[in-house]
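Open the structure in your viewer and keep the sequence panel beside it. The tour goes from the whole chain to single residues, one selection at a time.

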Amino acid sequence: MKKTVTVTLDVPDDFESFSALERFVRDAGRQWQRDLCEQLTLERGVAGENAECPHCGGSATIGKGSRPRHLKTQLSEVDVSVPRRQCRTCGRSFFL
Ligand SMILES: [Zn+2]
């Protein structure tokens, strides 16, 4: 799977120091990482409509809402909504 990510930034005309420039780049990168992580999590939830049940292997599942989670990733901390599915075969639920 290939993805193209476009980032639009408001870049100041000048920076007071190289450290300020570095902070700007670091913060922009973190925001971009959070946005991408949230987007991929959302897409994963949509793709999860075809997910197999991890308990019985059943393929018929239905959406059962989602749960907000605050994740501390290797890149940053992000708030995401983790989709939940319920298996129609065994009735158990699971998070994607
Ligand atoms: Zn099941």
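What share of the contacts in the protein chain with a separation of 6 or more comes from residues 24 or more positions apart? The share is 55%, where two residues are in contact if their C-beta atoms, placed from the backbone, lie within 7 Å. This is a predicted model, in which local features need pLDDT of at least 70, side-chain atom pairs count only at pLDDT 80 or more, and totals for chains, interfaces and linings use all residues. Residues are numbered from 1 along each chain as its sequence is written.

**The whole chain**

Select the protein chain and colour it by secondary structure. The chain has 1 helix and 3 strands, and they follow the pattern α-β-β-β along the sequence. Helices (H or I, at least four residues) and strands (E, at least two) are DSSP runs, numbered from the N terminus.

Now turn the chain around. Its C-alpha trace spans about 60 × 25 × 20 Å along the principal axes. The radius of gyration is 19 Å, whereas a compact globule of 96 residues would have one near 12 Å; the radius is taken over C-alpha atoms, and the globule rule is 2.2 Å times the number of residues to the power 0.38. Of the 96 residues, 7% count as buried. A residue is buried if 20 or more other C-beta atoms lie within 10 Å of its own, exposed if 12 or fewer, and partly exposed in between, with C-beta atoms placed from the backbone.

**The helix**

Select Leu 21, which has its place in helix H1. Is Leu 21 buried or partly exposed? Leu 21 is partly exposed because 14 other C-beta atoms lie within 10 Å. Add Val 11 to the selection: Leu 21 and Val 11 are 10 residues apart in sequence and 9.7 Å apart in space, C-alpha to C-alpha.

**The sheet**

Select the 3 strands, which form an open antiparallel sheet in the order S1-S2-S3. Two strands pair if DSSP finds at least two bridges between them. S1 and strand S3 (93–95) are the edge strands, each pairing on one side only. Neighbouring strands of this sheet are turned by 25° against each other on average, direction ignored; the axes are lines fitted to C-alpha atoms, for helices over the stretch in contact, and angles run from 0 to 180 degrees between N-to-C directions.

Next, show S1 with strand S2 (residues 77–87), which pair in the antiparallel sense over 10 bridges. Pro 68 has Ser 81 in S2 as its bridge partner, and Leu 71 has Val 78 in S2. S1 is hardly covered, with 1 buried residue among its 12 residues.

Move on to S2 and S3, which run antiparallel and are joined by 3 bridges. Arg 85 stands opposite Phe 94 in S3. The hairpin of S2 and S3 has 5 residues between the strands, and Gly 91 there takes a positive phi near 80°.

**Cys 53**

Finish at Cys 53, in the loop between helix H1 (18–47) and strand S1 (61–72). Why does Cys 53 count as buried? Cys 53 is buried because 20 other C-beta atoms lie within 10 Å.

Which residues touch Cys 53, leaving aside its neighbours within four places in sequence? Cys 53 is in contact with Gly 58, Thr 61, Cys 87, Thr 89, Cys 90, Arg 92 and Phe 94. Two residues from that list face each other in the sheet: Thr 61 stands opposite Cys 87 in S2. For a last distance, select Met 1, which lies 52 residues from Cys 53 in sequence and 23 Å from Cys 53 in space, C-alpha to C-alpha.
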